[in-house]
Structures are given as structure tokens and as C-alpha cells.
Amino acid sequence: TATITLTPTPTGPFIYTVEEGDTLFGIAERFEINILVLIEANRERLNLDPQNPVIKVGDELLIPPPGTELATSTPLPEGLPA
């Protein structure tokens with residue numbers, strides 16, 4: 001009888017090397033992260049254009065942990081002195 005061995009799912013952050021047939025959407029889906037988060041995490045590393053992000057085989061993507069959200073600007077409180 002074969003023994004079942006569980007393989008842990010990486011929780012990030014970690015580096016993933018792009019393989020033939022990979023897409024940003026597919027990678028984001030596989031690692032349960034938002035595609036915009038994936039693009040932003042790698043924007044400077046791979047010089048990704050957020051409007052037209054292109055990856056190629058061999059690129060090394062930083063995969064953030066699942067549930068990572070984009071940083072949003074914090075509004076200033078009302079009533080601050082000028």
C-alpha cells in the first residue's frame with residue numbers, strides 16, 4: 001500500500017521561476033494572490049509595466065504570501081492646521 005505524503009504549499013514570500021506556458025494570471029491563481037499584488041511586487045524587479053505586464057521563461061518572480069493586499073494611501077484627518 002502506498003503511503004500518502006503531504007507536500008506543503010509555499011506560503012511566501014518566495015521566488016518562483018517562470019516556466020513555459022505560465023501567465024501572470026495563472027501564477028496568481030496558483031498561489032492564491034491577487035494579480036495586481038503580483039505585478040506590484042515584481043514591478044521594479046522585472047521592470048513590469050502595470051498596464052501591459054510581460055513575463056518570459058526564466059524570469060524570477062517574488063511571490064507574496066496569500067492574502068497580501070496592495071498598500072493604499074491613508075487619508076489625512078480632517079481639521080489639520082494649514
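Helices and strands here are DSSP runs, numbered from the N terminus. With that naming in hand, Asp 59 falls in the loop between α2 and β2. One thing to keep in mind as we walk through: this is a predicted model.

Let's stay with Asp 59 for a moment. Its relative accessible area is 9%, so it counts as buried, the cut-off being under 20%. What does an acidic side chain do in there? A polar atom of the Asp 59 side chain sits 2.9 Å from the backbone nitrogen of Lys 56. Looking past residues up to four places away in sequence, Asp 59 also touches Tyr 16, Thr 17, Val 18 and Leu 46.Now over to helix α2, which spans residues 35-42 and has Val 37, Leu 38, Ile 39 and Asn 42 as its buried residues. An α-helix has 3.6 residues a turn, so residues three or four places apart point the same way. Among the elements covering the buried residues of α2 are α1 (24-30) and β2 (60-63). At the N-terminal end, the helix is capped by Asn 34, with a side-chain oxygen 2.6 Å from the backbone nitrogen of Leu 36.

Asn 42, itself part of α2, deserves a closer look. Is Asn 42 buried or exposed? Its relative accessibility is 0%, so Asn 42 counts as buried. And what does its side chain reach? The partner is the backbone nitrogen of Leu 62, at 2.6 Å. Setting aside neighbours within four places in sequence, Asn 42 is in contact with Asn 47, Leu 48, Glu 60, Leu 61 and Leu 62.

Next, the nonpolar core. The largest one holds 14 residues, and the members that touch the most others are Ile 27, Leu 38, Ile 55, Leu 61 and Ile 63. At least two residues of this core come from each of β1 (14-17), α1, α2 and β2. The biggest contribution is from α1, which gives 3 residues. Take Ile 27 as a way in: beyond its neighbours within four places in sequence, Ile 27 is in contact with Tyr 16, Val 18, Asp 22, Leu 38, Ile 55, Leu 61 and Ile 63. Two of the names in that list, Tyr 16 and Val 18, also turned up as contacts of Asp 59.

From there, follow the chain into the loop between α1 and α2, where you'll find Ile 33. Ile 33 has a relative accessibility of 9%, so it counts as buried. Its C-alpha atom is 8.3 Å from that of Ile 63, though the two are 30 residues apart along the chain. Ile 63 is also among the residues Ile 33 touches, along with Ala 28, Leu 38, Pro 64, Pro 65 and Pro 66, once residues up to four places away in sequence are left out.

Glu 32 lies in that loop between α1 and α2 as well, but with a relative accessibility of 60% it counts as exposed, since the cut-off is over 50%. Its backbone is worth a look too: Glu 32 has a positive phi of about 55°, although it is not a glycine. Asn 47, in the loop between α2 and β2, likewise has a positive phi of about 55° without being a glycine. Asn 47 counts as exposed, at 68% relative accessibility, and we have already met it as one of the contacts of Asn 42.

Technical notes
Residues are numbered from 1 along each chain as its sequence is written. This is a predicted model: local features need pLDDT of at least 70, side-chain atom pairs count only at pLDDT 80 or more; totals for chains, interfaces and linings use all residues. Side-chain values use heavy atoms; hydrogens and water are left out. Buried means under 20% relative accessible area, exposed over 50%, partly exposed in between (1.4 Å probe, protein chains only). Helices (H or I, at least four residues) and strands (E, at least two) are DSSP runs, numbered from the N terminus. Contact means heavy atoms within 4.5 Å. A polar contact is a pair of N or O atoms within 3.5 Å; within protein, one must be able to donate a hydrogen and the other to accept it, and residues adjacent in sequence count only if both atoms are side-chain atoms. A nonpolar core is a set of buried Ala, Val, Leu, Ile, Met, Phe, Trp, Tyr and Cys residues joined through side-chain atoms within 4.5 Å.
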